[in-house]
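Open the model in your viewer and keep the sequence panel visible. The stops below are meant to be selected in order.

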Amino acid sequence: MARYYDLHPDNPQPRVIRQVVDLLRADGVIAYPTDSCYALGCRIGNRDGVERIREIRRLDDRHPFTLMCADFAQLGQFVKLSNAVFRQVKSVIPGSYTFLLPATAEVPRRLQDPRRRVVGARVPRHTVTQALLAELGEPLLTSTLLLPGEDEPMTQGWEIKERLDHLVDAVVDAGDCGLEPTTVVDLSGPEPEILRRGAGDPARFE
């Protein structure tokens, strides 16, 4: 059964944050809130966790994962940024955007798009997510908690606990964080390409 952690959305309890991060370091998989929907997450090096997330969402090996990064400096360790892309990304983070960017050698090949060697990356605004990332000290490998055959992601922690009780190791509940996923922008080519319109304003990339 998954552990259930009830956190204040604006002032998350440090003791509970440490407990969740200890679980992540022990190669656990969690469901947790972001500023754009709930997500599934594990450490980058957790091979078993990656496969568990793929199974929960029924993703094939061509689906790129997203690296949830604490800040711009951390993001820069895992993706390559030209000067122009640097300015574009920096102007909108933290926020509800996911960017597809060329991966650095820090990102295992199995987590990249096998055809183009890109990976998704984002810097969230959500207080609980930021607290988890600060305690963990590295990005969270993450994927939106959208179950197979459903049109909308899950938004209630108690419902996530009921439905995924034997599939994840913990559910972090910080209240409803909305239905709208991130805006996804592919910045790996010569021009920005909006792949999904979501919570982040796409106008500056058009």
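This tour of a predicted model goes from a strand to the nonpolar cores and then to a loop residue.

**Stop 1: strand β5.** Select residues 97-102, which form β5. Five of the six residues of this strand are buried, so β5 is largely enclosed by the rest of the structure. Now add β9, residues 183-186; β5 and β9 run parallel and are joined by four bridges. Tyr97 of β5 faces Thr183 in β9. Next, show β6, residues 118-122. Four bridges link β5 to β6 as well, and here the two strands run antiparallel. Look for Pro102, whose bridge partner in β6 is Val118.

**Stop 2: the nonpolar cores.** Stay in β5 and select Phe99. The largest nonpolar core has 42 residues, and Phe99 and Leu145 touch the most other members. At least two residues of this core come from each of several elements, including α2 (47-57), α4 (83-90), β5 and β6. Beyond the residues up to four places away in sequence, Phe99 touches Val89, Val92, Ile93, Val119, Gly120, Ala121, Val185, Leu187 and Phe205. A second core, separate from this one, has 21 residues; Leu7, Val16, Leu140 and Ala174 are among them.

**Stop 3: Asp165.** Move to the loop between α6 and β8 (170-173), where Asp165 is found. Is Asp165 buried or exposed? Its relative accessible area is 12%, under the 20% cut-off, so Asp165 counts as buried. Show side chains: those of Asp165 and Lys161 are joined by a polar contact of 2.7 Å. Leaving aside neighbours within four places in sequence, Asp165 is also in contact with Met1, Ala2 and Ile160.

Technical notes:
Residues are numbered from 1 along each chain as its sequence is written. This is a predicted model: local features need pLDDT of at least 70, side-chain atom pairs count only at pLDDT 80 or more; totals for chains, interfaces and linings use all residues. Side-chain values use heavy atoms; hydrogens and water are left out. A nonpolar core is a set of buried Ala, Val, Leu, Ile, Met, Phe, Trp, Tyr and Cys residues joined through side-chain atoms within 4.5 Å. Buried means under 20% relative accessible area, exposed over 50%, partly exposed in between (1.4 Å probe, protein chains only). Contact means heavy atoms within 4.5 Å. A polar contact is a pair of N or O atoms within 3.5 Å; within protein, one must be able to donate a hydrogen and the other to accept it, and residues adjacent in sequence count only if both atoms are side-chain atoms. Two strands pair if DSSP finds at least two bridges between them.
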